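Please open the model in your viewer and keep the sequence panel beside it. This tour goes from one selection to the next and says what can be found at each stop.

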Amino acid sequence: MKTIRPIAAVCAAAMLLLTACGQGGNQAAKKNDPENLVGGGAVIDYTEEDLPYGSTLVMDSEHTITAQYDRRYVEGGVVDVMIRYYTAIRNKNADEFHAVQFPLFNDFMLNSVLKGEYTDAEIVENTYNGYKSYNNGVDFDFAFLDVTSCQRVTVETVFETYNTPIVGLMDSLAAEKNETPVSERVQDFYRLTVKRYLTNAASGVRNETDIYLNDEILYVLKDGGSWYIIYS
């Protein structure tokens with residue numbers, strides 16, 4: 001079930017009022033006609049597009065892990081592949097983990113970065129154990145995933161792990177394999193920041209908990225009709 005959390009209207013209005021003041025107050029306010037006056041002040045006219053990320057949050061419990069995100073920025077395919085990625089880690093399912101990886105980057109990671117010393121199965125196992133250790137050594141589940149930001153990837157977007165533009169890196173990898181450049185074949189490409197809340201395995205908890213990890217960066221892209229993950 002998806003539910004939309006109420007917008008903090010007072011905070012949003014205050015933010016917009018400050019913005020209007022900083023710009024001379026002539027961009028957000030309506031004309032001072034009688035219909036637009038409340039208590040002697042001008043009513044602020046704004047749309048959802050004027051509000052920052054997080055103003056129209058959806059609580060999505062249709063998946064195996066509950067997720068929260070701003071419905072204006074995050075589309076369904078992005079959520080689906082994100083949930084698949086974290087579910088694969090939780091279930092230690094190497095095949096599913098491999099299936100959601102963007103093939104170009106996954107091959108680069110396994111063969112060039114890790115020099116063939118690790119398999120997808122070993123990466124999943126190590127990742128699982130890292131989360132388990134953070135959960136006080138107890139087998140864990142993801143209670144809640146909060147997508148705290150989502151930006152569209154551009155040619156200038158820097159892949160922090162390698163301090164290089166991620167589109168340029170992907171295009172270089174494609175060129176090595178004589179494939180069409182990623183910049184020419186991918187239209188949907190996003191950078192997510194995800195806060196992950198943990199709970200004990202089989203606890204059934206599906207909301208925020210006291211154990212959480214902030215700000216994992218995931219890149220999500222659609223290629224050939226399928227969505228993929230690039231983890232940082």
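Which residues are buried in helix H6 (residues 166-176)? Select that helix in this predicted model, and colour Ile166, Val167, Leu169, Met170, Leu173 and Ala174, which are the buried ones. If you turn the view until you look down the axis of H6, these buried residues fall within an arc of 160°, so they line one face of the helix. Before leaving this part of the chain, select Asn178, which follows H6 and has a positive phi, near 55°.

**Next stop: helix H4**

Keep H6 on display and add helix H4, which covers residues 103-113. The axes of the two helices come within 10 Å and cross at roughly 85°; because angles of 65 to 115 degrees count as roughly perpendicular, H4 is described as roughly perpendicular to H6. Now show the side chains where the two helices meet: Leu104, Phe105 and Phe108 belong to H4, and they meet Met170, Leu173 and Ala174 in H6. When the residues of this contact are sorted by class, there are six nonpolar residues, with no polar and no charged ones. Met170, Leu173 and Ala174 were also on the list of buried residues in H6, so you may already have them coloured.

**Next stop: Tyr85**

Move to helix H2, residues 76-90, and select Tyr85 within this helix. Is Tyr85 buried or exposed? Its relative accessible area is 4%, and because residues under 20% count as buried, Tyr85 is a buried residue. To see what surrounds Tyr85, leave aside its neighbours within four places in sequence and display its contacts, which are Phe97, Val100, Gln101, Glu216, Leu218, Ile229 and Tyr231. One of these partners, Phe97, is 12 residues away from Tyr85 in sequence, while the C-alpha atoms of the two are 6.0 Å apart in space.

**Last stop: the whole chain**

Zoom out and show the protein chain as a cartoon, in which seven helices and 11 strands can be traced. Of its 232 residues, 41% count as buried, and among the contacts with a separation of 6 or more, 62% join residues that lie 24 or more positions apart.

Finally, colour the chain by pLDDT, for which the mean is 85, with 79% of the residues at 70 or more. Residues 6-38 have a pLDDT below 50, although the model gives this stretch 29 contacts beyond near neighbours in sequence. Where pLDDT is low, predicted coordinates should not be read in detail.

Definitions and conventions. Residues numbered from 1 in each chain as written. Predicted model: local features only at pLDDT ≥ 70, side-chain atom pairs only at ≥ 80, totals over all residues. Heavy atoms only, no water. Helix = DSSP H or I, 4+ residues; strand = E, 2+ residues; numbered from the N terminus. Buried < 20%, exposed > 50% of the residue type's maximum accessible area, 1.4 Å probe, protein only. Contact = heavy atoms within 4.5 Å. Arc of directions from axis to C-beta. pLDDT = per-residue confidence, 0-100. Axes fitted to C-alpha atoms, helices over the stretch in contact; angles between N-to-C directions. Parallel < 35°, antiparallel > 145°, perpendicular 65-115°, else oblique. Nonpolar A, V, L, I, M, F, W, Y, C, P; charged D, E, K, R; others polar.
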